[in-house]
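Here are a few notes to read alongside the model. Have the structure open and follow the points in order.

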Amino acid sequence: MTNSTQNAQKNQAQSSAKIPDQSFEKNLHTRFTFYGKNSLKWKRKCILLLPEIAKYRIWEKKRFNSIYEYAAKLAGMSHASVNVALWAMRKVEDKPELKRVIEEKGIEIIRPIANIATSETAKFWAEKAMEMSKSTLTAYAKEYKKSELNSPCADSKNYYENQNLFSDLDLQVKPEIAEKLQKLKGQGSWDDLMEKFIDLYEQKLEENKPIPQENAKKYVPAKIEKYVLAKTNSTCAFPGCTKKYKYLHHAWRFALTKTHDPDSLIPLCKPHERLAHAGLIENENLPPENWKVKLEADKTNEKWLKVDKWVAGYYTGNKAGQERPSS
Ligand SMILES: [Zn+2]
């Protein structure tokens, strides 16, 4: 090949890379997505077979050194994913509903619930696993476990006492601050002092509390946002959660009220916001200290459901990736 033909080919390659043909790119992407989806589907089928492959030592009969080698060579599975698969399959052995979830959504979604689902609750967990993302399911399962451990757990005050959260506070402060605190505490208790601080902080916030904005556009006004975030220092307001907030959640759905009310705008992390829109938070219209997860969503408020379904579409449906409106 001469230099000039090489250059010509090179130029051609460069120019085609520069001006991408949109339908060509779309086609590439479509094919990749299609094959990927199918490879996942087939991989899940392999996972479902693994326990029996192990039980009947098929790998040995086919002259592999181990089930890991068998799964790696025949299905491209890593050592770790074989372990996870065997572990999870053992957990769902007597739970056909959860086996179906594995077939539909893969093994990972089972992880947060594998140790808490029983054959009595398998149907319940299968429904939740089908409709939630892994992080939302993890948050939900965590709350579920807490309420199981502490039941009956009538009010949130009890809940905190049972959790003994206060002893978990990491209060390492500089000597000069410790000295001041010690003085302020005097003969009283730390509880009293901290409560005093919190009261002062809340009073200060309350003085500058903005009025609700009615007939509003979707964006929360900066003043209201600032006030709402100061209440938790931008932490998710769900009891016990210490994640940074991701959404300002309208406890009264914005789509229905068109109002940004500083009292019912709640900073939430993504999993807890999703639980709210799944209708799984009890007392959602009370301050978050009163919140608990519930077992079933209330399906009687149709308008409300419609909004939540619409929001869910922004995560899972074809609206994914678009900017999500206030809700
Ligand atoms: Zn949270």
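1. Some terms to begin with: helices (H or I, at least four residues) and strands (E, at least two) are DSSP runs, numbered from the N terminus. On that basis the chain has 15 helices and 4 strands. Residue numbers start from 1 along each chain as its sequence is written. Bear in mind that this is a predicted model, in which local features need pLDDT of at least 70 and side-chain atom pairs count only at pLDDT 80 or more, while totals for chains, interfaces and linings use all residues.

2. How much of the chain is buried? Of its 327 residues, 22% are (buried: 20 or more other C-beta atoms within 10 Å of the residue's own; exposed: 12 or fewer; partly exposed: in between; C-beta atoms are placed from the backbone). Helix H10 (residues 175-185) is hardly covered, with 0 buried residues among its 11. After H10 comes Gly186, which has a positive phi, near 55 degrees.

3. Now for contacts, meaning two residues whose C-beta atoms, placed from the backbone, lie within 7 Å. Among contacts in the chain with a separation of 6 or more, 57% are between residues 24 or more positions apart.

4. Look next at the largest nonpolar core (a set of buried Ala, Val, Leu, Ile, Met, Phe, Trp, Tyr and Cys residues joined through C-beta atoms within 7 Å). This core has 48 residues, and Ile110, Ala129, Tyr140 and Leu268 touch the most other members. Helix H8 (residues 134-150) gives the most to it, 5 residues. Why does the core lie between domain 1 (26-131) and domain 3 (210-327)? Both domains give residues to the core, so it lies between them; their bounds come from an automatic or database domain assignment.

5. Zoom in on Ile110. Leaving aside neighbours within four places in sequence, Ile110 is in contact with Ala88, Val92, Leu98, Val101, Ile102 and Ala129.

6. Helix H2 (residues 22-55) and H4 have axes that come within 12 Å and cross at roughly 155 degrees (axes are lines fitted to C-alpha atoms, for helices over the stretch in contact, and angles run from 0 to 180 degrees between N-to-C directions). That makes H2 roughly antiparallel to H4, a label for angles over 145 degrees. The contact is made by Lys43, Cys46, Leu50, Ile53 and Ala54 of H2 and Ile67, Tyr70, Ala71 and Ala75 of H4.

7. One last residue: Leu74 sits in helix H4 (residues 67-75). Leu74 is partly exposed, because 13 other C-beta atoms lie within 10 Å. Its C-alpha atom is 9.7 Å from that of Cys46, 28 residues apart along the chain.

How values were computed
Parallel < 35°, antiparallel > 145°, perpendicular 65-115°, else oblique.
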